[in-house]
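This report describes selected strands, helices and chain contacts of one protein model. The sequence and structure are shown first.

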Number of protein chains: 2
Amino acid sequence: MRIVLFGTGNMATRLGIALQAKTAEIVQVYGRNDYKASLLADRLGCTYTTSLKEINTTAELYLLAVSDEAITAVASSIPAGNRLIVHTAGSVDLAVLSPFSINYGVLYPLQTLSISREADFKQVPFCLEANNSTNLKKLKNLAELLSEKVVSISSEQRRQLHLAAVFVCNFVNHFYAIGERIVGEKQLDFGLLKPLILETALKVQEHSPQTVQTGPAVRGNRTIMDRHLKMLSEHPDWQELYALISDNIKNNHQ
Amino acid sequence: MRIVLFGTGNMATRLGIALQAKTAEIVQVYGRNDYKASLLADRLGCTYTTSLKEINTTAELYLLAVSDEAITAVASSIPAGNRLIVHTAGSVDLAVLSPFSINYGVLYPLQTLSISREADFKQVPFCLEANNSTNLKKLKNLAELLSEKVVSISSEQRRQLHLAAVFVCNFVNHFYAIGERIVGEKQLDFGLLKPLILETALKVQEHSPQTVQTGPAVRGNRTIMDRHLKMLSEHPDWQELYALISDNIKNNHQ
């Protein structure tokens, strides 16, 4: 399948590299930034352009791995004829692509991706949606090159997944960052927390998180919680978080 | 080293099983609850008692893996003579043991432990403290039976580590639980989030969390954040958390 890839960020880079390693063929990269587009094109061994007027018109799939805000602008400029246009965003409806082609869909890999970190997509859920079953089948064939977990879900479900992902990934990572700063304040190494971080994530691969909650809040240990709040007195924002989440945990386990 | 183990919870169970598998010898378990004490004694192949008056008086180490509140009460009842008394708590000072023996210390494995889940202590930091170097050396020898990461830290540092652990483990697990409920509301399986949860934890094994923050808050994507807040309208507590943490992330990355 001949693909034009739009975007040069985390999603475009990791998807592009993974697809290029399989039988899919990225024929062109589009990016606004010349340097970034050339870098990614180099990695993929294909051509690139910074002009929407120079998009390859013979590809079979136009894959938009651009920011949410850019999706419609880019889609409207593609000389797609009636070829397949697909976006990769968690929170953008399928329907936004309907003005631009009679063939369109969504391919959303539910994972945190980084340009600088290799991605193994094999266990990553690929959430697909398309305007008809033929296009869905095409996307399924493509996604199955990369992953064993390909699912078909609605735009509403995808939005919900994305919201959940903010809690279990973005907010969680922020808490790792707070942990790093807390130990750093007493000259302790963040490395001490790493086995705990990993085990906490491994535990819920097998158990429901609701059933394995530990810590002072679920035990109702007011003495420890009060001391922790006091220790956070120089960080009123973390103090507020600590109090709010502890209450939340307590209420959730009553 | 002949040990009397106090407690029958997560810490006592996992430490007891791990030590018994090595050359340490648990000779007796103490627990208030007859059934729980007998269960653990069975697993360890040793005797048990529910009476502090029946504690074995010939052990070399009295290991208190009981709740924070119970530490001094139990310690005061041990016929320890001048034998080594050690607690395993993150937020309890070494000094609380000083009235009960001239030999005392702390052995704190920084990990989330469950009775029902096997623990591999090899990579787990064992944080030690003792009232003198002889006792510290004894604890070091014991801890090194189980782990490659044995460190000596102060009570103040241990308290700080425990506070950080609440953020990176207890609060994180609560967010996994929120994620589970969010996807469940749209008939989606929590399994879809598991690869994301694992990758988020794996990523910070190699990178500083501060440098790999992703999501709408760090990108300043107000449209998505407003929509997410709206989607949470039936959960005002999660809505409040979402707004607070997003602000926090934004401020942290300005």
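Which residues of H1(B) are buried? In this predicted model, they are B:Met11, B:Ala12, B:Thr13, B:Arg14, B:Leu15, B:Gly16, B:Ala18 and B:Leu19. Helix H1 of chain B spans residues 10-20, and with eight of its 11 residues buried, this helix is mostly covered. An α-helix has 3.6 residues a turn, so residues three or four places apart point the same way.

**Strands and crossovers in chain A**

Strand E2 of chain A comprises residues 25-30. Five of these six residues are buried, so the strand is largely enclosed by the rest of the structure. Strand E1 (residues 2-6) of chain A runs parallel to E2(A) and is joined to that strand by five bridges. Within this pairing, A:Phe6 has A:Tyr30 of E2(A) as its bridge partner. Between E1(A) and E2(A), the chain passes through helix H1 (residues 10-20) of chain A, and the resulting β-α-β crossover is right-handed.

E2(A) also pairs with strand E3 (residues 47-49) of chain A, in the parallel sense and over three bridges. Here A:Val29 stands opposite A:Tyr48 in E3(A). The connection from E2(A) to E3(A) leads through helix H2 (residues 34-44) of chain A, and this β-α-β crossover is likewise right-handed.

**Contact between chain A and chain B**

The contact draws 87 residues from chain A and 87 residues from chain B. About 9,000 Å² is buried between the two chains, and carbon and sulfur atoms give 64% of that area. The polar side of the contact can be described by its counted pairs, which are listed below together with the area.

| Property of the contact between chain A and chain B | Value |
|---|---|
| Buried area | about 9,000 Å² |
| Salt bridges | six salt bridges |
| Polar contacts (both residues at pLDDT 80 or more) | 40 residue pairs |

A salt bridge links the side chains of B:Arg117 and A:Glu206, with an N to O distance of 3.4 Å. Several helices of chain A contribute to the side that touches chain B: helix H5 (155-184), helix H6 (194-206), helix H8 (222-231) and helix H9 (236-252) each supply at least two residues. Of the elements on that side of chain A, H5(A) gives the most, with 27 residues.

Definitions and conventions:
Residues numbered from 1 in each chain as written. Chains lettered and ligands numbered in written order. Predicted model: local features only at pLDDT ≥ 70, side-chain atom pairs only at ≥ 80, totals over all residues. Heavy atoms only, no water. Buried < 20%, exposed > 50% of the residue type's maximum accessible area, 1.4 Å probe, protein only. Helix = DSSP H or I, 4+ residues; strand = E, 2+ residues; numbered from the N terminus. Pairing = 2+ DSSP bridges. Right-handed = clockwise from strand over helix to strand, strands pointing away. Contact = heavy atoms within 4.5 Å. Buried area = accessible area lost by both parts, 1.4 Å probe. Salt bridge = Lys/Arg side-chain N within 4 Å of Asp/Glu carboxyl O. Polar contact = N/O pair within 3.5 Å; in protein donor to acceptor, adjacent residues only side chain to side chain.
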